[in-house]
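User: Hi! I have a protein model with a ligand, and I would like to understand how its features get their labels. Could you walk me through it?

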Amino acid sequence: MQTANPLAVSPDNAVVWHRDRLYLLDQRTLPEHAVFLPFDSVAATAGAITDMVVRGAPAIGITAAYGVVLAARDAYARKGAGWRGALEQDLALLTAARPTAVNLSWAIERMQHALDALGGGDPVPDLLQEAQGIHAEDRAANHTLGEFGAALIRGPTDVITHCNAGALATGGYGTALGVIRSAYAAGRIGRVYVDETRPWLQGSRLTAWELAHSGIPVTVQTDGAAASLMAAGGIGWVIVGADRIAANGDLANKIGTYSLAVLARYHRVEFMVAAPTSTLDMRIERGADIPIEERDPDEILSYGDRQLAPPGVDARNPVFDVTPASLVDYIVTERGVVERPTPDKLRVLMDQDAAA
Ligand code: MRU
């Protein structure tokens, strides 16, 4: 939600276009420091996506859309009528900023269509309108899917979520946290258990910050604590977001999501994936084909100045994993709910009119 002060610190205000600049709430320093960083160039915007200033699948798509506006503004200022030719490299730079979340290339493709439809003259007003449209649509989609997801929860029950699929990760309200907010408001959720989500701690730093900000009871736990919590009873649902959902319903999400899905099935806990349709990639048949980002091993071998493992030790740092569709009870989107996803059910969902 855009507040009276455009740069007011709030989880719902993580990506802001204000006075011809893009501002991102720096998610690397939350919750200790809440600072907006300004961006004026496409290169810096792509760097902010790679370096996790902004993260979360829809939020990086929205940021990239504003990045296209910055790229076009710069090209038009430098090249005048020949500005379009200068843009190809910039779009490739943005697309390559992170590989797993399809929302990034989805948003850039949408901006490309807007570019193709432009007449002569200054491209910025039309492109900005498109980027702001992508931003507003995502926020609206989250409110809609939040209600759809909440309606599935009979409750009252406690739930587990993983990583951050909240307002910070989206255009506002959140996907998994959108469902949780709507269900909590309806009295169907008592407490949210948040996996801390190594190594970037999106759960303890970001999701706990968002939920505390909204007055929703929250307990942070280590990633390994979910099994014993489910075994103890009282957890009705695992609710997570997604970075990319393949045409057969397999999905990539933050590393550790797959283990949660296995645990949920074993303990008869229901497993819900909440995502806008911009996260569905019908061009990718199955999860094994989703590109999985590997980040610097040092992200897990050290923390700040502190070395956490002996020098010379190897580490692997895949930051997403793939949960097979067979472990998913529901995929909840703004177009509707798919129970026990199959390729046919997802095709029907995607073929229906977005406005229907
Ligand atoms: O590495 P991140 O922080 O970008 O990973 C984010 C996630 O895995 C989220 O769960 C996903 O993007 C869904 S956000 C609505």
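User: What makes the side-chain atom of Q202 and the ligand oxygen a polar contact?

Analyst: First, keep in mind that this is a predicted model. A polar side-chain atom of Q202 lies 2.8 Å from an oxygen atom of the ligand. A polar contact is a pair of N or O atoms within 3.5 Å, so this pair qualifies.

User: Which other side chains, R98 or N253 for instance, have such a pair with the ligand?

Analyst: For R98, a polar side-chain atom is 2.8 Å from a ligand oxygen. For N253, an N or O atom of the side chain is 2.7 Å from an oxygen atom of the ligand. Both values are within 3.5 Å, so both pairs count as polar contacts. As for cover, the ligand taken alone exposes 410 Å², and the protein buries 99% of that.

User: What makes a residue part of the shell around the ligand, and how many are there?

Analyst: A heavy atom of the residue has to lie within 4 Å of the ligand. In this model 18 residues surround the ligand, and the closest are R55, R98, Q202, N253 and K254. By type, the shell divides into eight nonpolar, six polar and four charged residues.

User: Where in the chain do these shell residues come from?

Analyst: Domain 1 (11-139) and domain 2 (143-351) each give at least three residues to the shell. Helix 2 (57-79) and strand 9 (251-254) each supply at least two.

User: Why is the space taken by the ligand called a cavity?

Analyst: The word applies to points where a 1.4 Å probe fits but cannot get out, judged on the protein atoms alone. The space taken by the ligand is the largest cavity, so a probe there cannot get out.

User: How do you know that the bond between L30 and P31 is cis?

Analyst: Look at omega, which is about 0° for the cis peptide bond joining L30 and P31. P31 is found in the loop between strand 2 (21-25) and strand 3 (36-39). Another cis peptide bond joins G155 and P156, with omega about -5°. P156 lies in the loop between helix 5 (124-152) and strand 4 (157-161).

User: What makes R19 worth pointing out?

Analyst: Its phi is near 45°, a positive value in a residue other than glycine. Most residues other than glycine have a negative phi. You can find R19 in the loop between strand 1 (15-18) and strand 2.

Note on methods
Residues are numbered from 1 along each chain as its sequence is written. This is a predicted model: local features need pLDDT of at least 70, side-chain atom pairs count only at pLDDT 80 or more; totals for chains, interfaces and linings use all residues. Side-chain values use heavy atoms; hydrogens and water are left out. A polar contact is a pair of N or O atoms within 3.5 Å; within protein, one must be able to donate a hydrogen and the other to accept it, and residues adjacent in sequence count only if both atoms are side-chain atoms. Accessible areas come from the Shrake-Rupley method with a 1.4 Å probe; for residues, only the protein chains shown count as cover. On a 1 Å grid over the protein atoms alone, a cavity is a set of points where a 1.4 Å probe fits but cannot get out, and a pocket is an open set with protein on both sides within 12 Å along at least five of seven lines; lining residues have an atom within 4 Å of a point. A molecule sits in a cavity or pocket if more than half of its atoms lie within 2 Å of its grid points. Helices (H or I, at least four residues) and strands (E, at least two) are DSSP runs, numbered from the N terminus. Ala, Val, Leu, Ile, Met, Phe, Trp, Tyr, Cys and Pro count as nonpolar, Asp, Glu, Lys and Arg as charged, and the others, Gly among them, as polar. Domain bounds come from an automatic or database domain assignment.
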